[in-house]
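Biologist: Please take me through this structure label by label. I want each term set against its cut-off.

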Amino acid sequence: MRGVQKCTCAGASLRGRNFVPLCCIKLDTATDPCMGSGHILVYAFDVLMDIYTFCGWSERDAALSILQHNLFGLDIDRRAYQLAYFAVMMKARQYNRSIIKNGEVQPNLANFADVMGVDTSFVSGRIREFAEQFRFADTYGSLMEVTAPDGLDGAVSEFNVSFGISRRQLDMMLRIYKNLSQKYDVVVTNPPYMGSSGMNADLSDYVKKYFPDSKSDLFACFIEKGIELAKTGGYNCMVTMQSWMFLSSFENMRKKLMLTNTISNLMHMENIVMGIAFGTAVTAFRKGHIEGYKGTYNHIKLDDIENSVPKEFPVTGNRFAQVSTENFSKIPGMPVAYWVSENFVRAFENKNLGDYAYSFQGMITGDNNYFLRLWYENNKNKLFVNLKNEDASKFNDIWIPYNKGGGFRKWYGNNEYTLRWIYNGTTLTRARTENRNYYFKEGVTWSFITSGSFSCRYFPNGYLWDVAGSSVFANSEISVYYICALLNCKVSQKIFNVINPTINYQVQNIISIPVVNNNYSTKKIEDLGEENVKLSKIDWDSFETSVI
């Protein structure tokens, strides 16, 4: 909340409904667009009361003014709205015991459920035009846009109760419109979490159209909506999942948020800290970008909590940082990696692996039961591995070694599957034909999904690869052994932990690794990589499950 300077004008000590010192006229407006039972609103009420009393208001008059001018809230559920309404009125009564007796005093709260069931065929004109916007109000909630057609005020004043819409429903629509059409000094909420797979068709289509950068989860859509509701220079404060900070599906959203706004504070909490099984982020965005501004970041681990309270704050040496979001833009994918060092950021000033190599996802067979077998399930004479570097197009109905990920193993191995190759692969209707120039060439493969550390493996000529065993191929400047050594080193693992802290290693993550290429170190790294591949191959081939 933005503070208010204590009054020093001559009338600051005067109290009463008819006198407001000029320095106190501008007070904060706050809204919770997903208010639930209203616990955030109740806390905000106390904060606003402190601001008012600091400016010389009586608690009695301040409570009335807060209800009328400063505090706003919305929810999609009728019962939640009723609970929030009750909580806010009881908080107001704490400061003004007669406030409930005045039936004209109501909080600026609204819910979307109460506007449903309207039959606009019974109304016409401006009222109908206005009411039709609420057709999916109980689905879109605070994400919806509401506009007032010209002449609405006059139509409302002349409105008579009809069969299609009640006065209560119209009043609720007007209240929702008021809440969504104005801008706020502070937007603060704990929005709903819902992945795209949990959305119904109407909601899914709506967020794809109006929130294309955040459509993967409802909480991310509300982050964008909160920025929209805030005034320039105002704050959008959200308690959300941490996934928006790192996942590639939110990359465009991150870029837009951080290039046009400013992160003032972010408290990053690991799993279970808030009593839930995933990490959360409490973020305060300031609307508008301040170049070079250093936000404050705190990381809270479960071990730091005692009786639901941090033992110290900020936690010493626990990723506490004050950095500018401009640092994040230098890292591929722009993750909110507030804890990394300046040297880590500078590493990305070098070329990346994508400048020296080509990487592709593999093919999708469409029918693994038909096209795939373990190598020892086949007639050995039909294994293309024995044909060495010959062109597979010369042969019909053979089985080709096939990289399909597998468990953790570095340098060489996991060569277990074969792919049925018929009529030069034309039966593989879902294969990515744009990658055919790299079929049967030596390269490096990795397991797409892993719950542990990253590992990659060299494979010789004669292989194809799957999505689960995506591959990377060297150009003339570096060798596949260099790539294998680079990706398997501890530095790359640390980089992966920042640019993609998930269990899925995408092609884009691999080619983003920075490369320092010079004649001496490159040759030495290639030699070490080749030696490790040979040693790992000896180990793999010592087991009977190896195809030699």
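The exchange below covers burial, salt bridges, a surface patch and the sheet.

Modeller: This is a predicted model, where local features need pLDDT of at least 70, side-chain atom pairs count only at pLDDT 80 or more, and totals for chains, interfaces and linings use all residues. Residues are numbered from 1 along each chain as its sequence is written, and side-chain values use heavy atoms, without hydrogens and water.

Biologist: Why is N108 called buried?

Modeller: Buried means under 20% relative accessible area, exposed over 50%, partly exposed in between (1.4 Å probe, protein chains only). N108 has 9%, so it counts as buried. N108 lies in strand β3. Leaving out residues up to four places away in sequence, N108 touches L67, Q68, H69, L71, F72, G73, K178 and N179 (contact: heavy atoms within 4.5 Å).

Biologist: What makes D114 and R168 a salt bridge?

Modeller: The term needs a side-chain nitrogen of Lys or Arg within 4 Å of a carboxyl oxygen of Asp or Glu. The closest N and O atoms of D114 and R168 are 2.5 Å apart, so the pair qualifies. The pair links distant parts of the chain: D114 sits in the loop between β3 and α4, R168 in helix α7, 54 residues apart. D114 is buried, because its relative accessibility is 7%. R78, D114 and R168 are linked in a network of salt bridges.

Biologist: How do you know that E530 and K534 pair too?

Modeller: Their closest N and O atoms are 3.8 Å apart. That is within 4 Å, so this is a salt bridge. Both residues lie in helix α16, four residues apart, about one turn of the helix. K534 is exposed because its relative accessibility is 51%. E530 has 27%, so it is partly exposed.

Biologist: And what separates E228 from K225?

Modeller: About one helical turn, because they are three residues apart in helix α9. They form a salt bridge, with closest N and O atoms 3.2 Å apart. K225 is buried because its relative accessible area is 1%. E228 has 27%, so it is partly exposed.

Biologist: Why is F86 called exposed?

Modeller: F86 has 52% relative accessibility, so it counts as exposed. F86, M90 and I100 make a nonpolar surface patch of about 280 Å² (residues with over 30% relative accessible area and no salt bridge; nonpolar side chains joined within 5 Å, like charges within 9 Å).

Biologist: What makes β3 and β11 edge strands?

Modeller: Each pairs on one side only. Pairing needs at least two bridges found by DSSP. Four bridges join β8 to β11, so those two pair. They run antiparallel.

Definitions and conventions:
Accessible areas come from the Shrake-Rupley method with a 1.4 Å probe; for residues, only the protein chains shown count as cover.
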